[in-house]
Amino acid sequence: VARGAAYADIDNDGFLDVLVTTNAGPAFLFHNEGGTNHSLRLKLVGTKSNRDGIGAVVHVTWDNNKDQQWKMLRSGSSYLSQSELVLTFGLGAQPKADSVEIQWPSGQVDKLSNVNAGQTVTVEEGKGVVANRPYGKPVTAPGK
């Protein structure tokens, strides 16, 4: 009997993996081997808002603004479980997001444009991109 589930990209390949716990039994890790579609991951760092950016709403558009997704960063995901606090946006065949708009709980709005897929981007409230981590590579600061 499954009791809890949490997701995270455990191997930094851009594809979410799932850990499921069972009642009085072992935990099971379902490792996603991926596919051919592109994704973009966003890690939020609040300054005026809470440190993890919980409650921020992110709007991403791609494919010449034809496609879009909205997500809210939330805490708590399942019984006695916590998924990672990174938002993942699937972009299909598109290699970049046309725009990313972050509405922080404080009311601050940050906007990014032409953000390449295939990476986790760290966005600090009011400052924009402060770091990026291409899939399968260590964390780097922009321009380095």
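This note goes through the strands, the nonpolar core, the salt bridges and a few single residues of a predicted model.

1. **The open sheet.** Four strands make up an open sheet, in the order β6-β5-β8-β9, with antiparallel pairing. β6 and β9 are the edge strands, and each of them pairs on one side only. Averaged over the sheet and with direction ignored, neighbouring strands are turned by 15 degrees against each other. As general background, strands of a sheet pair through backbone hydrogen bonds, either parallel or antiparallel.

2. **β5 against β8.** Within that order, β5 and β8 run antiparallel and are joined by five bridges. For a residue to locate on screen, take Thr 61: its bridge partner in β8 is Ser 99. β5 covers residues 57–62, and β8 covers residues 96–103.

3. **β8 against β9.** These two strands are also antiparallel, with seven bridges between them. Ile 102 has Asp 110 of β9 as its bridge partner. The two strands form a hairpin with five residues between them, and in this hairpin Gly 107 has a positive phi near 105 degrees.

4. **A salt bridge across the β8 and β9 pair.** Glu 101 and Lys 111 form a salt bridge, with 3.8 Å between the closest N and O atoms. Glu 101 belongs to β8 (residues 96–103) and Lys 111 to β9 (residues 109–116), so the salt bridge ties together parts that lie 10 residues apart in sequence. The cut-off for a salt bridge is 4 Å. Glu 101 is partly exposed at 21% relative accessibility, whereas Lys 111 is exposed at 63%.

5. **β10 and β11.** Six bridges connect β10 with β11 (residues 128–134), and the two strands run antiparallel. Glu 124 stands opposite Gly 128 of β11. The hairpin they form has three residues between the strands, and Gly 126 takes a positive phi near 85 degrees there. A salt bridge also involves this region: the side chains of Glu 124 and Lys 127 meet at 3.3 Å, N to O. Glu 124 is buried, with a relative accessible area of 16%, while Lys 127 is exposed at 62%.

6. **Arg 41 and its partners.** The whole structure holds five salt bridges. In one of them, Arg 41 pairs with Glu 84, and the closest N and O atoms are 2.8 Å apart. Arg 41 sits in β4 (residues 38–45) and Glu 84 in the loop between β6 (67–72) and β7 (86–92), so this salt bridge ties together parts 43 residues apart in sequence. Arg 41 is buried, at 3% relative accessibility; Glu 84 is partly exposed, at 23%. Asp 9 joins Arg 41 and Glu 84 in a network of salt bridges. In general, side chains of opposite charge can pair when their charged atoms come close.

7. **The largest nonpolar core.** This core has 20 residues, and the members that touch the most others are Leu 42, Val 58, Val 60 and Val 100. At least two core residues come from each of β4, β5, β7, β8, β9 and β10. Leaving aside residues up to four places away in sequence, Leu 42 touches Val 58, Val 60, Val 86, Leu 87, Phe 89, Val 100, Val 121 and Val 123. Three of the residues in that contact list, Val 58, Val 60 and Val 100, are named with Leu 42 as touching the most other core members.

8. **Two loop residues.** Asn 12 is in the loop between β1 (2–8) and β2 (17–22). Asn 12 counts as buried because its relative accessibility is 7%, under the 20% limit. A polar atom of the Asn 12 side chain lies 3.2 Å from the backbone oxygen of Pro 134. Thr 36, in the loop between β3 (27–30) and β4, is exposed, with a relative accessible area of 75%. From C-alpha to C-alpha, Thr 36 is 14 Å from Leu 16, and the two are 20 residues apart in sequence.

Key. Residues are numbered from 1 along each chain as its sequence is written. This is a predicted model: local features need pLDDT of at least 70, side-chain atom pairs count only at pLDDT 80 or more; totals for chains, interfaces and linings use all residues. Side-chain values use heavy atoms; hydrogens and water are left out. Buried means under 20% relative accessible area, exposed over 50%, partly exposed in between (1.4 Å probe, protein chains only). A nonpolar core is a set of buried Ala, Val, Leu, Ile, Met, Phe, Trp, Tyr and Cys residues joined through side-chain atoms within 4.5 Å. Contact means heavy atoms within 4.5 Å. Two strands pair if DSSP finds at least two bridges between them. A polar contact is a pair of N or O atoms within 3.5 Å; within protein, one must be able to donate a hydrogen and the other to accept it, and residues adjacent in sequence count only if both atoms are side-chain atoms. Axes are lines fitted to C-alpha atoms, for helices over the stretch in contact, and angles run from 0 to 180 degrees between N-to-C directions.
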